[in-house]
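Let's take a walk through this model, starting from one small loop and working outwards. Keep the viewer open as you read.

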Amino acid sequence: MMYYRACCPGAKANSKRSGSPRRQAAGSARRRKQDLRAAVLYFGVFPWQTSYMSTTTIESSAPATAPNPDLSVNLKNLRMANPVMTASGTCGYADEYAGFADLSKLGAFVTKSISKLPRPGNESYRVVETRAGMLNAIGLANIGLERFLAEKIPILEKMGVPVIVNVPGWSLDDYGDVAETLDQQVPVVAGIELNVSCPNVKSGLSFGTDPVRLAELVAQVRRRVKRCTLIVKLSPNVTDIALTARAAVEAGADCLSLVNTFTAMVVDIEKGRPVLANGTGGLSGPAIKPIAVYMVHRVYSAVAKAHNIPLIGMGGIQTWQDAAEFILAGASAVAVGTALFIDPSIPQQIVEGLGGYLRRRGKGSLREIVGTLAME
Ligand SMILES: Cc1cc2nc3c(=O)[nH]c(=O)nc-3n(C[C@H](O)[C@H](O)[C@H](O)COP(=O)(O)O)c2cc1C
């Protein structure tokens with residue numbers, strides 16, 4: 001508030017105080033409101049900019065009689081009844097989550113990253129909360145492909161929604177071997193999402209930050225994946241995400257998902273060292289949402305629209321309004337990650353909210369609004 005007072009015309013310092021304590025309190029509450037209004041006018045703050053603080057879903061005022069809009073989405077040959085899926089790594093292999101939310105209501109379930117061999121992941125601490133999100137450095141801990149096929153696939157087969165398996169790798173063969181096995185041997189897997197944020201063991205650089213290396217990886221996996229929808233999950237840790245998006249599409253990706261987490265750090269000032277044992281981690285949650293929306297818009301307008309490539313948008317989605325922003329920016333589907341730690345029923349709320357939004361706007365299907373953001 002001091003900052004607003006210093007720089008907002010009309011937000012004057014309140015130097016004189018008089019009357020009873022109750023009157024003083026009422027007066028200062030009124031002044032705080034006036035200061036805030038002055039700040040809102042001065043900065044041109046859009047009223048929902050504080051929505052990151054709440055997960056409340058505002059009901060739309062659609063007439064109850066309007067027909068249900070078509071929320072279905074096709075990601076190449078992967079058909080989803082609605083556009084909302086889980087984000088990889090935020091609800092395990094599904095069984096961990098089954099007691100908290102009705103997974104059969106999802107458009108699709110995305111598993112955590114499944115590598116060729118099991119991985120213990122990083123030392124603790126691996127997760128830390130930040131002011132508007134969280135930072136994680138799990139290190140892709142998982143049970144490996146063999147146990148995944150034996151123990152988790154039977155559970156996923158019963159879920160009744162399309163399954164997308166997220167695949168990491170540290171060499172071209174790591175990715176290709178896991179992707180080919182899933183494509184050829186596991187019919188319930190409808191999509192393979194390549195997590196290209198992992199460092200290449202040869203160069204130490206992430207596949208997803210170098211368009212040339214990324215194209216080489218996607219082309220190699222493309223040759224080995226015949227049936228499943230091949231999704232490439234883009235890293236946001238680049239100068240222009242359209243360059244890696246184009247490389248992935250030209251090398252044969254069916255669909256792009258974006259964004260993965262942003263490299264970041266939280267410092268323990270008493271110990272004088274990073275909080276996470278890994279030093280750095282990936283930032284997710286509401287803090288990244290506006291950047292993620294921009295990146296979806298950038299990829300849609302520069303690459304995806306012309307190539308007719310569907311996008312899965314994610315990054316800080318908590319409400320149907322957040323999801324609608326991504327869809328208008330160009331996403332055909334959305335994924336919810338960090339918000340699931342607050343309320344596992346958020347995907348279901350988003351599906352209902354989007355239905356109401358479309359009805360209220362007189363739209364018969366979700367497809368009608370994808371990428372319709374007016375930029376002029
Ligand atoms: C705890 C945690 C674990 C994650 N693990 C993975 C993972 O295994 N593979 C992957 O591709 N992305 C992983 N992510 C990234 C998410 O899938 C998602 O891209 C990112 O968190 C942005 O979405 P959100 O803000 O809704 O969480 C993880 C994110 C979190 C918070």
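Look for Asn308 in the loop that links helix H7 (289-307) to strand S15 (311-314). Bear in mind as you zoom in that this is a predicted model. Asn308 isn't a glycine, yet its phi is positive, at about 55°. That deserves a second look, because most residues other than glycine have a negative phi. Is Asn308 buried or exposed? Only 7 other C-beta atoms lie within 10 Å of Asn308, and with 12 or fewer as the cut-off, that makes it exposed.

There's a second case of this kind. Lys76 sits in the loop between strand S1 (73-75) and strand S2 (78-80), and its phi is positive too, near 55°. Lys76 has 16 C-beta neighbours inside 10 Å, so it counts as partly exposed.

Now go back to strand S15, where you'll find Gly313. The surroundings of Gly313 hold 30 C-beta neighbours inside 10 Å, and 20 or more is what it takes, so this glycine counts as buried. Which residues does Gly313 touch, once its neighbours within four places in sequence are set aside? The list runs Leu258, Ala292, Val296, Phe326, Ala329, Ala331 and Val334. Take the pairing with Leu258: 55 residues separate Gly313 and Leu258 in sequence, but their C-alpha atoms are 5.3 Å apart in space.

Leu258 leads straight to another backbone detail. The peptide bond between Leu258 and Val259 is cis, with omega about 15°. Val259 belongs to the loop between strand S10 (255-258) and strand S11 (262-264). A second cis bond runs from Ser124 to Tyr125, with omega near -5°. Tyr125 is found in the loop between S4 and strand S5 (127-130). Both are worth a click, because most peptide bonds are trans.

Next, the ligand. How many residues surround it? The answer is 27, and the closest are Ala87, Gly89, Ser284, Gly337 and Thr338. Two elements each give two or more residues to this shell, namely strand S4 (109-113) and strand S6 (133-136). By class, the shell has 10 nonpolar residues, 15 polar ones and two charged ones.

For some helix packing, turn to helix H4 (residues 172-185) and helix H5 (residues 211-224). Their axes come within 9 Å and cross at roughly 25°. Angles under 35 degrees count as roughly parallel, so H4 and H5 earn that label. The crossing of H4 and H5 is right-handed. On the H4 side, the contact is made by Leu172, Tyr175, Gly176, Ala179 and Glu180, while H5 brings in Leu217, Gln220, Val221 and Arg224. Sorted by class, the residues in this contact are five nonpolar, two polar and two charged.

Finally, zoom all the way out. The protein chain holds nine helices and 16 strands. It has 376 residues, and 43% of them count as buried; Gly313 is one residue that counts as buried. What share of the contacts in the chain with a separation of 6 or more comes from residues 24 or more positions apart? That share is 73%. The pair you met earlier, Gly313 and Leu258, sits 55 residues apart in sequence.

Notes:
Residues are numbered from 1 along each chain as its sequence is written. This is a predicted model: local features need pLDDT of at least 70, side-chain atom pairs count only at pLDDT 80 or more; totals for chains, interfaces and linings use all residues. A residue is near a molecule or strand if its C-beta atom, placed from the backbone, lies within 6 Å of it. Helices (H or I, at least four residues) and strands (E, at least two) are DSSP runs, numbered from the N terminus. Ala, Val, Leu, Ile, Met, Phe, Trp, Tyr, Cys and Pro count as nonpolar, Asp, Glu, Lys and Arg as charged, and the others, Gly among them, as polar. Axes are lines fitted to C-alpha atoms, for helices over the stretch in contact, and angles run from 0 to 180 degrees between N-to-C directions. Angles under 35 degrees count as roughly parallel, over 145 as roughly antiparallel, 65 to 115 as roughly perpendicular and the rest as oblique. A crossing is left-handed if the near helix is turned anticlockwise from the far one by less than a right angle, and right-handed if clockwise. Two residues are in contact if their C-beta atoms, placed from the backbone, lie within 7 Å.
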